[in-house]
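Dear colleague,

Please find below the structure that I am handing over to you. I would be grateful if you could keep it open while reading the notes that come after it.

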Amino acid sequence: MPKYLVQASYTAEGAKGLLAEGGSGRRAAVEQVVRSRGGSLEAIYFAYGDTDLYCILDFPDPLSMAAVAMTVRASGALQSTTVPLLSVEELDEAARQGVDFRAPGAG
């Protein structure tokens, strides 16, 4: 299954919810929304600084990840960035694929 890194920052309202529910409550909510689209939560970490939350998620397809991301962002409780992750084997496969490319300014 495709794997994703989600980095999120809570809004003021989202932070109030986090304080009320605690980390365990938010982990349960993440697991629920991810499972609703056939995915799974591999890891979840809370942090402080510019990013409040890091999750590693597996989804059956990119559209499932997009559906969850749009729904969660629409809540207004957080802002997030999603990064598709590649395994070493997937990177090896990508490196073997030919690409027809000309750099800008190259003859």
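The notes below take up three residues in turn, followed by a surface patch.

Please bear in mind throughout that this is a predicted model.

Ser64. This residue belongs to helix 2, which covers residues 62-74. Its relative accessibility is 2%, and because buried means under 20%, Ser64 is classed as buried. When residues up to four places away in sequence are not counted, Ser64 touches Arg37 and Phe59.

Thr82. Strand 4, made up of residues 78-85, contains Thr82. With a relative accessibility of 25%, Thr82 is classed as partly exposed. Its contacts, leaving aside neighbours within four places in sequence, are Tyr4, Leu5, Val6, Met65, Ala69 and Arg73. Arg37, already mentioned as a residue that Ser64 touches, is separated from Thr82 by 45 residues in sequence, and the C-alpha to C-alpha distance between Thr82 and Arg37 is 16 Å.

Glu93 and the patch. Helix 3 spans residues 88-96 and includes Glu93. Is Glu93 buried, partly exposed or exposed? Its relative accessibility is 45%; partly exposed covers the range between under 20% and over 50%, so Glu93 counts as partly exposed. Glu93 also takes part in a negative surface patch, together with Glu89, Glu90 and Asp92.

To recapitulate, Ser64 counts as buried, whereas Thr82 and Glu93 count as partly exposed.

With kind regards

Notes
Residues numbered from 1 in each chain as written. Predicted model: local features only at pLDDT ≥ 70, side-chain atom pairs only at ≥ 80, totals over all residues. Heavy atoms only, no water. Patch = residues over 30% accessible without salt bridge, like charges linked within 9 Å, V, L, I, M, F, W, Y side chains within 5 Å. Areas by Shrake-Rupley, 256 points an atom, 1.4 Å probe, with all protein chains shown as cover. Salt bridge = Lys/Arg side-chain N within 4 Å of Asp/Glu carboxyl O. Lys, Arg positive; Asp, Glu negative; His and termini not counted. Charge placed at Lys NZ, Arg CZ, Asp CG, Glu CD. Helix = DSSP H or I, 4+ residues; strand = E, 2+ residues; numbered from the N terminus. Buried < 20%, exposed > 50% of the residue type's maximum accessible area, 1.4 Å probe, protein only. Contact = heavy atoms within 4.5 Å.
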